[in-house]
Amino acid sequence: MAAGKGLEEVVAAQTAISDIDGKLGKLWYAGYSIDDLAKNSTFEEVTFLLHHGRLPTRDELDELTEQMVNDRQAAAFLSHIMPTLAEQTSPMSMLRTSVSAASAYDPDGWDQGPEANYRKALRLIALMPTLIASYDRHRKGQAIVEPNPTLPHAANFLYMLTGEEPSQEFADAFDTMFILYADHTMNASTFTARVVASTLSDMHSAVTAALSALKGPLHGGANELAMRMLEDIGEVGRARQYVQDLFARKEKIMGFGHRVYRHVDDPRTTILRPVSQALAESVGEPQWYEIAREVEAVAFEERGLRPNVDFYAGSVLHYLGLPEDLFTPMFASSRSAG
Ligand SMILES: CC(C)(COP(=O)(O)OP(=O)(O)OC[C@H]1O[C@@H](n2cnc3c(N)ncnc32)[C@H](O)[C@@H]1OP(=O)(O)O)[C@@H](O)C(=O)NCCC(=O)NCCS
């Protein structure tokens, strides 16, 4: 019997695609350190790595890229229901419903062989940014921007959201976000997907269920709340008191604490902090980064708490121009690779 909370210490399933050392603060995807992947690879390469357990050759990468570019287009039915979804549902509900509906249009139909499943997975990974961008443009009353086949996955997502090709700095930062969120061993949504898959249900059902689990604010959502907190604080001078008041009320600071990285930095934070700093300067809004640094200092001084991936992800996604309620859908879209 486990003595810890929830499934702590219970071996519920095993995964070979990522590995964490919570004492050293290390994360690997299929044996490659997250630092190396963030620095030297792209989300497309990481997608291949997570699916095959090794990095692709140039030809394999070209083939996967071509496949994902072709799969960006949403089926006509999804385009038809999007105005209603944009008006009536939250972004995560839209994603859950659209992914479920996409099963009706998947060319592999009811085939559940490994090759068909691989193609279905790539289609969903490729499709999610299109769905999210189309949702956002509908609700803002803007014309839909068709995917740009010449742009990589992350850059194309920004392009479909804004209608403008992102700068190299923005494209690289967003690609890094996609890499960092792509997998994190066992967690509520991954576990949910695996429970559904283990009943020999199908790919779309497993992903729909995972999205339903991620939708809950106790799982996804911390990046959005972290950014809202920075906005609520408003200026560096208010950060200390704000954090102390949270502690006094026994409330949690969003984007802090981690089940696994308890006494070391979350390695993804170490990567994202300088990204947030650089974007702060480029965008000309240094205050969010500065407030974040102050919150980080006070949380550590007062309680020894360290930021997790979601803390700097909040300001990075804000600097990249994503509306806050699309932070979790973006996380979902990246995590679908894992
Ligand atoms: C991630 C999280 C669920 C991990 O929870 P956990 O491992 O169960 O940590 P615990 O609840 O055992 O926390 C240990 C102590 O640190 C405190 N703590 C942990 N995270 C905290 C936070 N974000 N803010 C304030 N205090 C926090 C707890 O209150 C507890 O204090 P106590 O011993 O006096 O009761 C938790 O840190 C959290 O809710 N963080 C905020 C939400 C978030 O950022 N989620 C994204 C995770 S990637």
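How do the residues of the shell around the ligand divide into nonpolar, polar and charged? The shell holds 6 nonpolar, 4 polar and 4 charged residues. The structure on display is a predicted model, and the tour below proceeds from the ligand to the domains, the core and the sheet.

**The ligand**

Select the ligand and display its surroundings, which comprise 14 residues. Within that group, Ala222, Lys252, Phe256, Gly257 and Arg259 come nearest to the ligand.

**The two domains**

Next, colour the protein chain by domain. The assignment gives domain 1 as 44-218 + 325-335 and domain 2 as 222-324. Domain 1 is therefore to be selected as two segments, because the domain assignment lists both 44-218 and 325-335 under it. If a centre is placed on each domain from its C-alpha atoms, the two centres lie 26 Å apart.

**Where the domains touch**

Now restrict the view to the contacts between the domains: 16 residues of domain 1 meet 18 residues of domain 2. On the side of domain 1 that touches domain 2, the elements giving two or more residues are helix H7 (153-162), helix H8 (168-181) and helix H16 (327-335). Select H8 in particular, since the largest share of that side, 7 residues, comes from this helix. Colouring the same side of domain 1 by residue class shows 10 nonpolar, 3 polar and 3 charged residues.

**The nonpolar core**

In soluble globular proteins, nonpolar side chains tend to be buried together. Here, the largest nonpolar core has 95 residues. Select Leu158, Phe174 and Val316, the residues with the most contacts inside this core. Helix H6 (residues 114-139) supplies the largest share of the core, 10 residues. Both domains take part: the core draws at least three residues from each of domain 1 and domain 2.

Centre the view on Val316. Which residues does Val316 touch, not counting residues up to four places away in sequence? They are Ala173, Met177, Leu272, Val275, Ser276 and Leu279.

**The sheet**

Finally, move to the strands. Strands of a sheet pair through backbone hydrogen bonds, either parallel or antiparallel. In this model, 3 strands form an open sheet in the order E1-E2-E3, with antiparallel pairing. Strand E1 (18-21) and strand E3 (32-33) are the edge strands, each pairing on one side only. Select strand E2 (residues 26-29) together with E3: their antiparallel pairing runs over 2 bridges. To inspect one bridge directly, display Trp28 and its bridge partner in E3, Ser33.

Notes:
Residues numbered from 1 in each chain as written. Predicted model: local features only at pLDDT ≥ 70, side-chain atom pairs only at ≥ 80, totals over all residues. Near = placed C-beta within 6 Å. Nonpolar A, V, L, I, M, F, W, Y, C, P; charged D, E, K, R; others polar. Contact = placed C-beta atoms within 7 Å. Helix = DSSP H or I, 4+ residues; strand = E, 2+ residues; numbered from the N terminus. Pairing = 2+ DSSP bridges. Core = buried A, V, L, I, M, F, W, Y, C linked by C-beta atoms within 7 Å. Buried ≥ 20, exposed ≤ 12 C-beta atoms within 10 Å, placed from the backbone.
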